[in-house]
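Q: Could you take a close look at the aromatic ring pairs in this one and walk me through them?

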Amino acid sequence: MPSTSRAQNRADQTRAIQETGRRHLAEVGPAALSLRAIAREVGMVSSAVYRYFPSRDDLLTALIVEAYDELGDAVEAADATVADPTDLAVRFRAIAHAIHGWARANPHEYALLYGSPVPGYAAPDTTVPSAARVTGAFLRLAEASERAGLALGAPTSPVAGGEHDALAGVRAALDPPVTDERTVRWLMAWSTVFGHISLELFGHMYRGILDYDAHFAHVTDQLAADLGLARHVG
């Protein structure tokens, strides 16, 4: 069993490699991430860094898990600050604004998680628990809105059989069961939040939206109304 000092040294070296990898991520992007270049910067021979991360993909996975966990921490902390947990609109807005704030503070990490796939890289299942923390926050609110019996705030198209079957994986994660119509509406809200953030960060709203904060606040309020939480919005 390694001594405390050896274990600490390994932890310190691992941390240094990940922090350097994160800086390189901002400079060259994930596809060009190089373990050799990172080794040079942290003062290691190139062969030594492979004892910590056997491949570039292993380092990418570590960076992805770290970013998802940071975002998950931000989302869960924002949700926990809401004084009245039954006020679902306030909780929804807190979560959405936490995602927005984290993404703007960490645009390269956001792009790694929600931008273009990295050529040749396939995220392993070990990234799923961390990724699920953010979607889980939305699903918990969907469950709470179902328990509260809140009516959706806009006319709803019926869900056809094919889509019902397609939603099986989402339904399995919900307790209590949530109607297909509500499930679809919450999936739309989730995709709208991330879609607006992506359009902003990747420059597609430039000169179209003059005040991103005001626009995003309006979007989240409208989504809360669409989700049937409008009685809390104000």
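A: Here is a walk through the aromatic pairs, with a stop at one helix crossing afterwards. First, the ground rules: this is a predicted model, where local features need pLDDT of at least 70, side-chain atom pairs count only at pLDDT 80 or more, and totals for chains, interfaces and linings use all residues. Residues are numbered from 1 along each chain as its sequence is written, and side-chain values use heavy atoms, with hydrogens and water left out.

Searching the whole structure turns up 8 aromatic pairs. Rings of Phe, Tyr and Trp (its six-membered ring) pair if their centres lie within 6.5 Å; planes under 30 degrees apart are called stacked, over 60 edge-to-face, and the rest tilted. Take Phe92 and Trp186: their ring centres are 5.8 Å apart and the planes sit at 85°, so this pair is edge-to-face. Phe92 belongs to helix H5 (residues 88-105) and Trp186 to helix H10 (residues 180-201), so the pair ties together parts that are 94 residues apart in sequence. (Helices, H or I with at least four residues, and strands, E with at least two, are DSSP runs numbered from the N terminus.) Phe92 is buried at 1% relative accessible area, and Trp186 is buried too, at 4%. Buried here means under 20% relative accessible area, exposed over 50%, and partly exposed in between, using a 1.4 Å probe and protein chains only.

Now for Tyr110 and Tyr114. Their ring centres are 5.1 Å apart with the planes at 40°, so you'd call this pair tilted. Both sit in helix H6 (residues 107-114), 4 residues apart, so about one helical turn separates them. Tyr110 is buried, at 0% relative accessibility, while Tyr114 is partly exposed at 24%. These two tyrosines also belong to a cluster: ring pairs link them with Tyr68, Trp190, Phe194 and Phe202.

And the helix crossing? The axes of H1 (residues 4-28) and H2 (residues 35-42) come within 10 Å and cross at roughly 120°. Axes are lines fitted to C-alpha atoms, for helices over the stretch in contact, with angles running from 0 to 180 degrees between N-to-C directions. That angle makes H1 oblique to H2; under 35 degrees counts as roughly parallel, over 145 as roughly antiparallel, 65 to 115 as roughly perpendicular, and the rest as oblique. Among the residues making the contact (heavy atoms within 4.5 Å) are Ala16, Ile17 and Thr20 of H1, along with Ala37 and Ile38 of H2.
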